[in-house]
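Me: I'm new to this and would like to learn how to read a structure, one feature at a time. Could you walk me through it?

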Amino acid sequence: MYYLMITISALLFSLQFMFNNGYSKESVRGWDSSLKFSFYSSITGLVALLFINKFQMNVSLFSVIVAFVYGAVCIALSYSSIKAFQYANLSVYSVFSMIGGMLLPFIYGIMCGEEFKTARLICCVLIVISVAMSVKKGEQGKKAIKYYVEVFILNGMVGVISKFHQMNTGICVDSGSFMILTKIATILISAILLLVMCKTTFLITKKAFAYSAMYSVVNSIGNLMLLIALIHLPASVQYPIVTGGVIIFATIIDIIRKEKLTKKEIISACVAFLSATLMAL
């Protein structure tokens with residue numbers, strides 16, 4: 001059941017990239033745009049999670065603190081993602097995002113005592129190859145590297161923070177309550193930053209709101225499933241499976257949407273999938 005939940009999460013995460021990309025095309029790519037995205041997507045996610053959790057929520061000081069750190073990381077990730085889409089298509093972005101989301105939790109899981117296997121060391125080499133192959137040449141590629149690295153690290157930190165929260169079973173709240181707390185924290189942080197830093201209206205276009213809402217629903221449900229599975233499966237197994245699934249699903253979506261993929265990008269996705277498979281062995 002938990003492996004099925006992970007697979008469904010991978011499909012949902014591959015769809016979230018498409019909605020994130022759609023939002024970036026509907027708005028100016030800056031701090032105010034990313035903060036509005038975080039604000040509105042978190043409101044939608046909060047409503048969805050409250051229904052899923054039957055309007056019940058547990059609170060602990062530990063989970064509240066972790067939720068605010070989680071929210072801050074997600075806001076920074078939204079900004080980097082929106083900027084990255086200026087230079088990358090869906091498949092390239094997903095490679096950096098999801099491999100970061102795989103590698104950092106994998107390392108953290110090993111540091112926390114999870115089993116290390118030789119095949120996973122080979123996988124790390126394949127990850128480097130995959131990332132190197134997906135970087136575009138030319139001026140745009142150079143500009144994009146900064147945002148690629150940010151997305152790589154920040155998405156990885158989301159997994160690390162999730163693992164950190166779930167492993168402290170004595171002081172943390174249930175998975176549904178924690179996700180609700182992260183949405184509340186993100187709403188508060190993004191609203192304060194919008195008022196203090198941007199001093200702009202909270203309004204966005206109807207299309208931009210629709211993209212942020214659809215992103216939030218699939219992202220919230222996907223992350224909730226991962227949190228539940230994380231209690232029963234090690235991070236060094238779970239996140240590689242998610243990564244491989246997302247990269248494949250995202251590439252399929254690119255093909256369905258008739259986006260032009262280079263041979264290097266296709267090979268990069270295949271190498272990433274192979275590395276994810278090796279990590280799960």
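Reply: Happily; we will look at confidence, empty space and one residue in turn. Keep in mind that this is a predicted model.

Me: Let's begin with confidence. Where in the chain is confidence lowest, and where is it highest?

Reply: Here is the general idea: where pLDDT is low, the predicted coordinates should not be read in detail. In this model the chain has an average pLDDT of 80, and 86% of the residues score at least 70. Helix H5, residues 118-134, has the lowest confidence with a mean of 71, while H3 has the highest at 90.

Me: Next, empty space. How many cavities of 30 Å³ or more does the structure hold?

Reply: In general, rolling a probe the size of a water molecule over the atoms shows where empty space is left. Here the structure holds 1 cavity of 30 Å³ or more. The largest cavity has a volume of about 470 Å³. Its lining counts 35 residues, and those closest to the centre are Cys-74, Val-158, Tyr-215, Asn-219 and Asn-223.

Me: Which helices supply at least two residues each of that lining?

Reply: They are H1, H2, H3, H4, H6, H7, H8 and H9. By class, the lining of the largest cavity has 16 nonpolar, 18 polar and 1 charged residues.

Me: Now a single residue. Why is Thr-44 called buried?

Reply: Thr-44 has a relative accessible area of 16%, and buried means under 20%, so Thr-44 counts as buried. Thr-44 belongs to helix H2. Setting aside neighbours within four places in sequence, Thr-44 is in contact with Phe-209, Ala-213, Ser-216 and Val-217.

Conventions. Residues numbered from 1 in each chain as written. Predicted model: local features only at pLDDT ≥ 70, side-chain atom pairs only at ≥ 80, totals over all residues. Heavy atoms only, no water. 1 Å grid on protein atoms, 1.4 Å probe; cavity = no way out; pocket = protein on both sides within 12 Å on 5 of 7 lines; lining within 4 Å. Points joined across faces, edges and corners; volume = space filled by probe spheres on them. Helix = DSSP H or I, 4+ residues; strand = E, 2+ residues; numbered from the N terminus. Nonpolar A, V, L, I, M, F, W, Y, C, P; charged D, E, K, R; others polar. pLDDT = per-residue confidence, 0-100. Buried < 20%, exposed > 50% of the residue type's maximum accessible area, 1.4 Å probe, protein only. Contact = heavy atoms within 4.5 Å.
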